[in-house]
Amino acid sequence: MIVRKAQKTDASGIFAVEREAFSVPWSQVAIQRELQNTALTMYYVLVTDRGDIAGYAGLWHVADEGQITNVAVLPAFRGKGYGELLLRVLMEAAWRVGCASIFLEVRVSNLSAQQLYRKLGYAAVSVRRAYYSQPTEDACVMECKKERYCWSI
Ligand SMILES: CC(C)(COP(=O)(O)OP(=O)(O)OC[C@H]1O[C@@H](n2cnc3c(N)ncnc32)[C@H](O)[C@@H]1OP(=O)(O)O)[C@@H](O)C(=O)NCCC(=O)NCCS
């Protein structure tokens with residue numbers, strides 16, 4: 001397995017992961033747009049030995065703030081540390097381009113993702129009511145300040 005920067009040709013592989021992971025997946029066209037907008041976005045992919053995309057993570061950065069757009073790993077590869085690896089690679093790239101703080105939204109029922117985020121240094125800062133659909137659910141907004149980013153081996 002390797003983690004590398006996403007390329008424009010990765011849109012279909014990312015879309016396949018997206019469809020497995022979310023009830024309302026981004027379209028392949030939306031993903032293509034994200035991958036082209038390199039001034040504002042950064043995306044990393046998890047690639048198997050066979051060259052297939054098994055996960056991805058993305059972020060927007062504006063001035064000194066980052067916003068994680070999505071992180072997902074195919075079900076067969078979960079629980080093996082790859083989600084954490086993807087996020088760490090992404091977050092360290094965000095610190096390098098000048099982010100001082102990174103935000104994200106997560107479903108309030110998504111306790112495994114929240115556990116992952118807390119492990120990395122994120123804390124809940126607010127709730128967005130009915131942010132998600134299918135099913136309708138609140139989002140917990142979490143923030144990781146650069147100085148709170150945790151690195152533990
Ligand atoms: C969230 C997701 C990316 C995590 O990826 P993963 O590869 O399974 O996670 P990892 O194996 O790297 O786990 C890292 C940490 O996450 C937490 N975690 C992961 N799975 C967990 C679970 N089932 N229960 C509780 N905590 C869990 C733990 O803190 C874990 O650290 P530990 O192993 O030291 O306890 C993956 O579950 C996924 O793709 N889910 C569907 C999409 C999604 O919900 N994305 C988040 C949207 S906001």
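Where is Gln 134 found? In this predicted model, Gln 134 belongs to the loop between β6 and β7. The backbone there has two features worth a pause. Phi of Gln 134 is near 50°, a positive value in a residue that is not glycine, and the peptide bond that leads from Gln 134 to Pro 135 is cis, with omega near 0°. Pro 135 is likewise found in the loop between β6 (123–132) and β7 (137–145). Gln 134 has a relative accessible area of 54% and is therefore exposed, since exposed residues are those over 50%.

A positive phi also turns up at Ala 130, again near 50° and again in a residue other than glycine. Ala 130 lies in strand β6. With a relative accessibility of 47%, Ala 130 counts as partly exposed, because the class of partly exposed residues runs between 20% and 50%. Glycine offers an example as well: Gly 98, just after α3, takes a positive phi of about 105°.

Attention turns next to the helices, beginning with the pair α1 and α2. Helix α1 covers residues 11–21 and helix α2 covers residues 28–36; the two pack at an angle of about 125°, and their axes are 9 Å apart. That angle makes α1 oblique to α2, as it falls between the perpendicular range, which ends at 115 degrees, and the roughly antiparallel range, which lies over 145. The crossing in which α1 passes α2 is right-handed. On the α1 side, the residues in contact are Ala 11, Ser 12, Ile 14, Phe 15 and Glu 18, and they meet Gln 28, Ile 31, Gln 32 and Leu 35 of α2. Sorted by class, this contact of α1 with α2 has 5 nonpolar, 3 polar and 1 charged residues. The spacing of such contact residues can be read against a general rule: an α-helix has 3.6 residues a turn, so residues three or four places apart point the same way.

Asp 10 sits in the loop between β1 (2–5) and α1. Is Asp 10 buried or exposed? At 6% relative accessibility, Asp 10 counts as buried, the limit for that class being under 20%. Leaving aside residues up to four places away in sequence, Asp 10 touches Arg 4, Lys 5, Leu 35, Val 45 and Ile 53. Among these partners, Leu 35 is also one of the α2 residues met by α1.

Helix α3 spans residues 82–96, and its length can be checked simply. At 1.5 Å a residue, its 15 residues should span 21 Å, and the end C-alpha atoms are indeed 21 Å apart, which agrees; the expected figure is 1.5 Å times one less than the number of residues. The buried residues of α3 are Gly 83, Glu 84, Leu 86, Leu 87, Arg 88, Leu 90, Met 91, Ala 93, Ala 94 and Trp 95.

How does α3 sit against helix α4 (residues 111–120)? The two axes come within 11 Å and cross at roughly 45°. The helices α3 and α4 are therefore oblique to each other, and their crossing is right-handed. In α3, the residues Gly 83, Glu 84, Leu 87, Arg 88 and Met 91 meet Leu 116, Tyr 117, Lys 119 and Leu 120 in α4. The residues of this contact of α3 with α4 divide into 5 nonpolar, 1 polar and 3 charged. Glu 84 and Arg 88, both in this contact, are also among the buried residues of α3.

Strand β3 (residues 53–62) contains Ala 57. At 0% relative accessibility, Ala 57 counts as buried. Its contacts, not counting residues up to four places away in sequence, are Met 42, Tyr 43, Tyr 44, Asn 70, Val 71, Leu 86 and Leu 90. Of these, Leu 86 and Leu 90 are listed among the buried residues of α3. Ala 57 and Arg 148 are 91 residues apart in sequence and, C-alpha to C-alpha, 20 Å apart in space.

The final residue to consider is Lys 146, in the segment after β7. A relative accessibility of 43% means that Lys 146 counts as partly exposed. Beyond residues up to four places away in sequence, Lys 146 touches Trp 95, Cys 99 and Ala 100; Trp 95 is one of the buried residues of α3. The C-alpha atoms of Lys 146 and Lys 8 are separated by 29 Å, with their positions 138 residues apart along the chain.

Conventions
Residues numbered from 1 in each chain as written. Predicted model: local features only at pLDDT ≥ 70, side-chain atom pairs only at ≥ 80, totals over all residues. Heavy atoms only, no water. Axes fitted to C-alpha atoms, helices over the stretch in contact; angles between N-to-C directions. Helix = DSSP H or I, 4+ residues; strand = E, 2+ residues; numbered from the N terminus. Parallel < 35°, antiparallel > 145°, perpendicular 65-115°, else oblique. Left-handed = near helix turned anticlockwise from the far one by under 90°. Contact = heavy atoms within 4.5 Å. Nonpolar A, V, L, I, M, F, W, Y, C, P; charged D, E, K, R; others polar. Buried < 20%, exposed > 50% of the residue type's maximum accessible area, 1.4 Å probe, protein only.
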